[in-house]
Amino acid sequence: MKISYSWLKDYIKLNQSPEEICDILTQTGLEVGGLEEVETIKGGMKGLVIGEVITCEKHPNSDHLSVTTVNIGTDELLHIVCGAPNVAASQKVVVATVGTTLYSGDDEFKIKKSKIRGEVSMGMICAEDEIGIGTDHDGIIVLDENARVGTAAKDHFNVESDWIIEIDLTPNRIDGASHIGAARDLAAFLKKTENIEYTKPLVDKFKIDNRDLEIPVELKNPEACKRYAGITISNIEVKESPDWLQNRLKTIGLSPINNIVDITNYVLFETGQPLHAFDAAEIKGGKVIVQTLPAKTKFTTLDEVERELDKDDLMICNAVEGMCIGGVFGGINSGVKESTKHIFLESACFDPIFIRKTARRHGLSTDASFRFERGTDPNGVIYALKRAALLIKEIAGGTISSDIVDIYLEPIEDFKVNITYANVTRLIGKDLGAKQIKSILTSLEIKIEDESENGLSLLVPPYRVDVKREVDVIEEILRIYGYNNIEIPTQVNSSLQTAEKPDPNKVRELIAETLTAQGFHEIWSNSLTKANYYEELKDYKKEQTVKMVNPLSADLNGMRQTLLFGGLESIMYNANRQNKNLKLYEFGNCYFYKGTELKDKPANNYWEENHLGLFITGNTETESWSKKEETTSFYELKTYAENILKKLGLSIQKIQISETENELFVEGLRYTFNNKVILELGVVANNLLKKFDIENTVYYADFNWDNVFFQHKKHKVTFEELPKFPAVRRDLALLINSAVKFEQIKESAFKVERQILRSVDLFDVYEGKGIPAGKKSYAVSFILQDDQRTLKEKQIDKTMQKLIAAFGREFDAELR
């Protein structure tokens, strides 16, 4: 956002230097990113002077060059070789003397004394494009004969010098996106030490001249347009703007177009309220309709690009067709042209979300959309309309030929906020006193509705979209009082805190380090995501998504319910860059809305959970001379996931494992401990992968970290002496039904023998020749060990017989 120092002085009397103003603006929250001295014409026409051609003769060695002598008001005439076809004696011209730097876009060149085909040249007679006042290069500029020889060109062309203040505007401070907005903050800050006020141009001379051109307005989409106002102005003359107006726009980087468009831009940067002027002759049917059009409707914008509209794009239409993408960009046919005689001038307040989505969809970013996306002042619509109408009458002539059409169905009230003096003192760290607080609030145009001994009831104007809570008001008081005016305390107070045992951060770091050591990469996804991800899901209903009231974009309009979609976005991003073999993990919160309205305790409508997500896809081993490619598998992910549980002290034997019914997975497992789900893992559903154009299979594990950590806290680490007596291994080859799973055998074994059985492992599975149909062979190993004595063969055999009997009884198992 560019602010002109001299323009700023139209609204507030400033004695401070540009550097001091920058410091004040930064202190008030309008952080200044740069300060630059500029001229309305680059270079300020330094070294250019008005001259008169005294003689002009053909160059003796060239057919297209002329040798001239030029009087620039000094004692000696300048000899200048000129290539322009229109140069002649007695002309008043612009001369660039030796040493002058001329600019052409980003390029520059310096005028030097030179010899051109044997003739000395002591300067250059300039064309308009060479000095930055136009684009014509067909010949030199020939000035009016009244131009004074020796006058500096910058004085002849009224070139102005100014300081441009570049403000790095934050999204919440759109109230500062204008010269009046900046003046308001400066006045509030300076009022502490000076009797100073800012003033806005008066519009009390506005009046309706006649009602010869009434254009009615129909608002069909009040949700997208909070307020719409318009007026007609007839018999105008479209021409170049006066120098003062052109210079104002040039200093902030805008190119003048014509007087009508320039005025709308001027009022935009003056007040912060975007305006749009329509050629009344192009309003077919004599009516303006604010509405959306059917999806895929074609519309050509001012940049001559044909665009395909979305069903939610707000359009300003006539009775037949669209004329403008509301709040974003004008149409190619309805704008002001040189032939325009009558205009319809629009001033509106559009819904920020509608404008933001439309601008993003079409890849457009304009000065108008920048402001509408962040929220404009609904109560400033009429002031800006009157201000522009008066300027148009002054500069372009014409008459105001209709009443103001003002559709404001649901007027936006001031925000009501209560503050207490005690909270102001507590948060600021200093007692400012009631008088000082009230003075600051009044200077910020915050009205005091009621006052008590303990605090104030306030009315905050709607243009302060970021001031709706007590803490917001206190921040306003502090920024105007000055952060630098808060003294550094002479003592520091602190409280002793003991970390929770076990420390959740250390536990998280332990697992993160473990995963990283196993080749995983940590990712951080945005907790803001697309609410549309949950449209077709049943376990994660769209209605449970925590919606953003004022989203930055359609891609960031809801809080995530699962880590899966952020991980899939990362996998898609990497896969599109030929990095398809991935092992990723992420710790993060997931957020949920209960879908109920608890007005007394609105926070109870929401809850959040901490989760850990693991993702593996692609190959676990890359191809080399010594081994073949090996793709990742469900069992690889299962191993990683169960190792995490083991590391945290959760016994797999005590966890209930079942098939998951979660729709995120094609197939997978659910781990439940004490009736609480701690982990779900499996193969990600194909319909979800298609949304991200992911071709490889993705395996995903979702830990409910809150539940996992809760169980981990119960885990007690004990130490015992290493066994002195040797372990014994026995193997069994079991012929069992195909439906029997190893986990069942393992669970049964530990039920039969609890004292000396240490581990049960499966080391071979066989189905095929020699095995009956519906059967399979499991080769299972058993480790036996007694901590008190060496095991004897008789005890070992007795234990194995008990196991064989149990397997036969429970699973109809036979020894092979």
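**Exercise 1.** Which residues line the second largest cavity?

*Solution.* The model is a predicted one.
- Step 1. The lining of the second largest cavity consists of Asp-175, Arg-184, Asp-185, Leu-444, Ile-446, Tyr-463, Arg-464 and Glu-476.
- Step 2. By class, the lining of the second largest cavity holds 3 nonpolar and 5 charged residues, with no polar ones.
- Step 3. The volume of the second largest cavity is about 40 Å³.

**Exercise 2.** Determine how many cavities of 30 Å³ or more the model has, and describe the lining of the largest cavity.

*Solution.*
- Step 1. The count is 2 cavities of 30 Å³ or more.
- Step 2. The largest cavity encloses about 70 Å³ of space.
- Step 3. Its lining is formed by Ser-525, Asn-526, Thr-529, Tyr-533, Tyr-534, Arg-560, Thr-562, Leu-563, Phe-565, Gly-566, Glu-569 and Glu-586.
- Step 4. Helix H15, residues 564–575, is the element that contributes most to the lining of the largest cavity, with 3 residues.
- Step 5. The lining of the largest cavity divides into 4 nonpolar, 5 polar and 3 charged residues.

**Exercise 3.** Identify the residues with the most contacts inside the largest nonpolar core, and the helix that gives the most to this core.

*Solution.*
- Step 1. The largest nonpolar core comprises 63 residues, and Leu-25, Ile-260 and Ile-392 have the most contacts inside it.
- Step 2. Helix H10, residues 381–396, gives the most to this core, namely 10 residues.
- Step 3. Another core lies apart from the largest one; it has 34 residues, including Ile-289, Met-315, Phe-344 and Ala-348.
- Step 4. Leaving aside residues up to four places away in sequence, Leu-25 touches Leu-30, Glu-31, Val-32, Ile-165, Ile-167, Ala-182 and Leu-186.

**Exercise 4.** Explain why the buried residues of helix H11 are placed on the same side of the helix, and state what they pack against.

*Solution.*
- Step 1. Within H11, residues 421–428, the buried residues are Tyr-421, Val-424 and Ile-428.
- Step 2. These buried residues lie on the same side of H11 because they cover an arc of only 60° around the axis.
- Step 3. Ala-422 and Arg-426 are exposed on the other side of H11.
- Step 4. The packing partners of the buried residues of H11 are strand S25 (415–420), helix H12 (434–443), strand S26 (447–451), strand S27 (455–460) and helix H13 (470–481).
- Step 5. Gly-429, just after H11, adopts a positive phi of about 90°.

**Exercise 5.** Characterise the largest pocket by volume, lining and residue class.

*Solution.*
- Step 1. The largest pocket holds about 1400 Å³ of space.
- Step 2. It is lined by 35 residues, of which Lys-638, Ile-657, Lys-741, Phe-742 and Glu-743 are the closest to its centre.
- Step 3. Elements giving two or more residues to the lining of the largest pocket include helix H16 (634–647), strand S35 (656–659) and strand S40 (757–766).
- Step 4. H19 gives the most to the lining of the largest pocket, with 7 residues.
- Step 5. The lining of the largest pocket has 14 nonpolar, 6 polar and 15 charged residues.

**Exercise 6.** Carry out the corresponding analysis for the second largest pocket.

*Solution.*
- Step 1. The second largest pocket has about 770 Å³ of space.
- Step 2. Its lining has 24 residues, and those closest to its centre are Pro-352, Arg-374, Val-465, Lys-468 and Asn-550.
- Step 3. Strand S22 (343–350), helix H8 (352–362) and helix H9 (367–374) each give two or more residues to the lining of the second largest pocket.
- Step 4. H8 gives the most to this lining, with 4 residues.
- Step 5. The classes in the lining of the second largest pocket are 12 nonpolar, 4 polar and 8 charged.

Technical notes
Residues are numbered from 1 along each chain as its sequence is written. This is a predicted model: local features need pLDDT of at least 70, side-chain atom pairs count only at pLDDT 80 or more; totals for chains, interfaces and linings use all residues. Side-chain values use heavy atoms; hydrogens and water are left out. On a 1 Å grid over the protein atoms alone, a cavity is a set of points where a 1.4 Å probe fits but cannot get out, and a pocket is an open set with protein on both sides within 12 Å along at least five of seven lines; lining residues have an atom within 4 Å of a point. Grid points are joined across faces, edges and corners, and a volume is the space filled by probe spheres set on the points. Ala, Val, Leu, Ile, Met, Phe, Trp, Tyr, Cys and Pro count as nonpolar, Asp, Glu, Lys and Arg as charged, and the others, Gly among them, as polar. A nonpolar core is a set of buried Ala, Val, Leu, Ile, Met, Phe, Trp, Tyr and Cys residues joined through side-chain atoms within 4.5 Å. Buried means under 20% relative accessible area, exposed over 50%, partly exposed in between (1.4 Å probe, protein chains only). Contact means heavy atoms within 4.5 Å. The arc is that of the directions from the helix axis to the C-beta atoms.
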